[in-house]
Amino acid sequence: GVTCWRRLREWQRRGVWRKLHRAMLDRLAEADKLDWSRGALDSRSLPAKGGGRDVGPNPTDKGKPGSKHHVLTDRHGTPLAAAVTAANVHDSRMLEPLLDAVAPVRTGRRGRPRRRPEKLHADKGYDYRRCRDACVVRGIRHRIARKGVESKTRLGRHRWVVERTMAW
């Protein structure tokens, strides 16, 4: 077991996972399996009993140590970017870093590689002017649920893919 953990840590340090993710996106793009027309963004909190670098008090779990996984997917649920933060980092603070973390992917067509979805769906945790402005600056149409205005049931038609990706 110790050998496995040591190797996983070494691979992380050397960027092996980042390179594998990039290779996966390139292969999917070559096969025309990435759908950039719509993206979805969400996060989930997890307990971190063993501690670690990205751990903080989880506001949804009585302040126990926890981490938060943030994921940006394409229309089919393929992860385009992911990040881990302390559990007390607000979702809205990670919108820009995730949008900028998408590696350029060649689509097989002429022109620049793709880096961003055309439209972004997010829940009420991203209902801030800075999040909407970040999308506009990057040329992304946004569909962010508004607090106190919209029911969360209607947005689920397009956001379920990110929920499924995180569940897997």
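**Exercise 1. In which loop is G52 found?**

Solution. Start with the source of the coordinates. This is a predicted model, in which local features need pLDDT of at least 70 and side-chain atom pairs count only at pLDDT 80 or more, while totals for chains, interfaces and linings use all residues. Residues are numbered from 1 along each chain as its sequence is written, and side-chain values use heavy atoms, with hydrogens and water left out.

Next, place the residue. G52 sits in the loop between β1 (39–47) and β2 (56–57). Helices (H or I, at least four residues) and strands (E, at least two) are DSSP runs, numbered from the N terminus.

Then take its exposure. The relative accessible area of G52 is 59%, so G52 is exposed. The classes are buried (under 20% relative accessible area), exposed (over 50%) and partly exposed in between, with a 1.4 Å probe and protein chains only.

Last, take a distance. From G52 to G66 the C-alpha separation is 9.4 Å, with these positions 14 residues apart in sequence.

**Exercise 2. Describe the order of elements and the overall dimensions of the protein.**

Solution. First, count: the protein has five helices and six strands. Read from the N terminus, the order is α-α-β-β-β-β-α-β-α-β-α.

Second, take the dimensions. Along the principal axes, the C-alpha atoms fill a box of roughly 45 × 40 × 25 Å. The radius of gyration is 17 Å, which agrees with the value near 15 Å for a compact globule of 168 residues. That radius is taken over C-alpha atoms, and the globule rule is 2.2 Å times the number of residues to the power 0.38.

Third, look at burial and contacts. Of the 168 residues, 36% count as buried. Of the contacts with a separation of 6 or more, 57% join residues 24 or more positions apart; contact means heavy atoms within 4.5 Å.

**Exercise 3. Identify the residues with the most contacts inside the largest nonpolar core.**

Solution. Begin with the term: a nonpolar core is a set of buried Ala, Val, Leu, Ile, Met, Phe, Trp, Tyr and Cys residues joined through side-chain atoms within 4.5 Å. The largest one has 23 residues, and L72, L95 and L120 have the most contacts inside it. Two or more residues each come from α2 (16–30), β4 (79–86), α3 (95–101), β5 (119–122) and α4 (129–137).

Now follow L72. Leaving out residues up to four places away in sequence, L72 touches A40, L41, T78, P79, L80, A81, L98, L99, V102 and L120. Another core, of five residues, lies apart from the largest and includes V71, V161, V162 and M166.

**Exercise 4. Is T165 buried or exposed?**

Solution. Locate the residue: T165 belongs to helix α5 (residues 152–167). Its relative accessible area is 17%, so T165 is buried. Beyond residues up to four places away in sequence, T165 touches V71, T73, G77 and P79. K62, 103 residues apart from T165 along the chain, is 26 Å away between C-alpha atoms.

**Exercise 5. What is the sign of phi in D32?**

Solution. The phi of D32 is near 60 degrees, a positive value in a residue other than glycine. As background, most residues other than glycine have a negative phi. D32 is placed in the loop between α2 and β1. With 56% relative accessibility, D32 counts as exposed.

Compare K19, in helix α2. K19 has 54% relative accessibility and therefore counts as exposed. The C-alpha atoms of K19 and R38 are separated by 24 Å.
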